[in-house]
Amino acid sequence: MTDKPDEDLTPDEPSVSEPAAAEPQPGTAAVDDEPAGSSLADEGEGAVEPGLVVEHDEEIELDDVPDVEPAYELQPGEDTVLAEAATTYDDAPDDDFDDVVAPPAEDEPAADDAGDDSRDLQPPANDDDGGSAHWCRRILLGLVLVAGALYVAGYFLTGSRMPANATIGGVDVSGMSPADARTAVDKALTPNVNREIVLVHGKTEFRVKPKAAGLAFDLDRTISEAGGERSWKPADIAGLFFGDHQSDPVLDVDDAKLQSAIGTIGEAVNREVVEAQITFPDGKPKAREPQAGRVIARSDAAEAIRTAYLVSDKPVKVPTAVVEPAVDSAGLADAMKTIARPAVSGPITIRVGDKKVSLPVTAYAPALVVRVKDNTLRPYLDPKKLAGPLTDSTTGIGKKAVDATVTIKDGKPVVMPGKEGVGLQPKEMAVKLLPALTQTGSKRAVDVEAKLVEPLFTTADAKALKIKQKISSFETHFPYAEYRNTNQSRAAELINGTILKPGETFSFNNIVGERTAANGFVTGTVINGGVFREELGGGVSQVATTTYNAGFFGGMDDVEHHPHAFYINRYPVGREATVYFGSLDLRFRNPTKYGVLVRAYVIKSTPSTPGTMHVELWSTKVWDIKAGESARRNARTPGKQYDDTDRCVPQDPIPGFDIDIYRYFYKGGTKVKTETDTATYQAADHVICGKKPKSD
């Protein structure tokens, strides 16, 4: 395009090349090929009409622009045509303007006025990048919208159908509606809600009733948690179509009841750990080998019961854990060499002023024991057991103190005063003797001073216990057997006169001691490994059972007791106790603020009359105790076994069962509390002495 006057303009109009150009009047087209209504003012400050080359070296004064008469007046209807033309221009594709010449950049010379179009400019280089980013944003936004729509649709789909490849307690519910899944699971599992869970340990079987163990089936939660409710979780949405989904039935569990059921099983399964120990019967060391214990693994047992409930009728193995003794056999052997044998290698010299007294081994050995403390074997001297022999062996050194005691005379408790002595203090001697036990030669001696010796249990101590009345008594009967007369009488003699101070614990094994010939016991029948055997101390469990019942009705706290492996009908069902030195003990604690005196005696049996074992507790009465029991349940059938050893004792079959024992505490005629204890009796096999016949 050249810079010359438009031929269509009238002579009176200034040309474009003149110093000032008049603004087109409204409705007037300035250039033939440009739409009407466009102007420099419309483009903003410094804008240039496309296709025009304008020189900027002269300033245009608006006041100098002459009035220009319009070259052409629009005829009626032509304004519409121009408007349509403008619209067409605005809507024209960008490609239509490829030939439009852009204004020169400030740092480039303008094209020659001769109309040089070789300088046609392209759009800025970053225009294409901007367009690509714009389209990428649009695509990304579209993908987000699609994903969001799918996510929302997935949310509404969850809760309307179960996940793919889904099972609940083995029941296939894949793709079902929650209602159909509920029906299927209800039909398959609800009939099993009262089915017992069977656990086994060796040949012993235990049956757990779901209700008694605190187990209940929650069908609605089972369906919901397996995918029967709506969820915003992506994994739940994806699970509608992909993966395998196995769910367990949801249970409501009363943990206290479940642990009680597990504890009942544990009473039969658990085996106390036997710690290494060295005693000195007849003044010679005797080692007791350590034995690992066994306990039911409670958390594993609870999980096994929950897992088997409703979905399995197969027996579950009782999970157990081994309890290792603190000191092993090697540690015991070392203690025998370094402690036990040196301790009884010879007498110990006691120097009291100018006097020297030889204390023989037999004087202190009964009070000496090497036992586990702080995970190692250490020697220990019992001052009470040392007091008597110490005085007898130190004749000429003072006078023995006499402890106060409480005895029963004419049906009433009487305090027998204690008496002071002069001589060696048992507690001081126990402390000083210990280091000397492992010494030799001249170092095997102790220096002590004869002092006023107070009784270990004074008259004031006895009176303060307020032992005033009989609070309980119990007796059992036994058939004639001389070993029973001997062993029960000896055990009764040892526990008779025992006084428990407030908070103290009675221990049958600690008081009676090991059942040995030196301790006054003979061989008799015991239960070991579920069968009868001949061992020292047979019949002592009858003393333990009678003592347990005296403590039961006296309101003592049950710390430890173990029913026999199978039921013996001469004992009260569920309220009996067996003992075995080193593993099974009878222990109860005095929970009152008063002392408790144990009185025990035996009326011996004869070939024509049964014997009677009798135990009483004397104190100040706190409770009135009554007992109750449940029906027997979980019947177990005995088997048969043959025993060709010389220790065999024939045995009739005895059925097994479980039973609950209730203890009711009354005060002032009102029941204050109830305790429940469960006894589990295994079936006792029919034992036949001899080899098993080939035909059996």
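**Helix 9 and its surroundings in a predicted model**

Leu332, Ala335, Met336, Ile339, Ala340, Pro342 and Ala343 are the buried residues of helix 9, where buried means under 20% relative accessible area, exposed over 50% and partly exposed in between, with a 1.4 Å probe and protein chains only. Helices (H or I, at least four residues) and strands (E, at least two) are DSSP runs, numbered from the N terminus. I should state that this is a predicted model, in which local features need pLDDT of at least 70 and side-chain atom pairs count only at pLDDT 80 or more, while totals for chains, interfaces and linings use all residues. Residues are numbered from 1 along each chain as its sequence is written, and side-chain values use heavy atoms, with hydrogens and water left out.

What do the buried residues of helix 9 pack against? Their partners are strand 8 (277-279), strand 9 (286-288), helix 10 (361-364), strand 15 (368-373) and strand 16 (376-381); contact here means heavy atoms within 4.5 Å.

Helix 9 covers residues 329-343, 15 in number, and spans 20 Å from its first C-alpha to its last, close to the expected 21 Å. That expected span is 1.5 Å times one less than the number of residues. At Met336, helix 9 bends by about 45°, the angle between axes fitted to the seven residues ending there and the seven starting there. At the start of helix 9, a side-chain oxygen of Asp328 comes to within 3.3 Å of the backbone nitrogen of Ala330.

I turn next to Glu560. This residue lies in strand 27 (residues 557-560). Is Glu560 buried or exposed? Glu560 counts as buried because its relative accessible area is 12%. Its side chain makes a polar contact with the side chain of Arg587 at 2.8 Å; such a contact is a pair of N or O atoms within 3.5 Å, and within protein one must be able to donate a hydrogen and the other to accept it, with residues adjacent in sequence counting only if both atoms are side-chain atoms. Leaving aside residues up to four places away in sequence, Glu560 touches Glu272, Ser583, Leu584, Asp585, Leu586 and Arg587.

Leu586 leads us to Asn510: their C-alpha atoms are separated by 9.7 Å, with their positions 76 residues apart along the chain. Asn510 belongs to helix 15 (residues 508-512) and is exposed because its relative accessibility is 59%.

Finally, the whole chain. The protein chain contains 16 helices and 36 strands, and 36% of its 696 residues count as buried.
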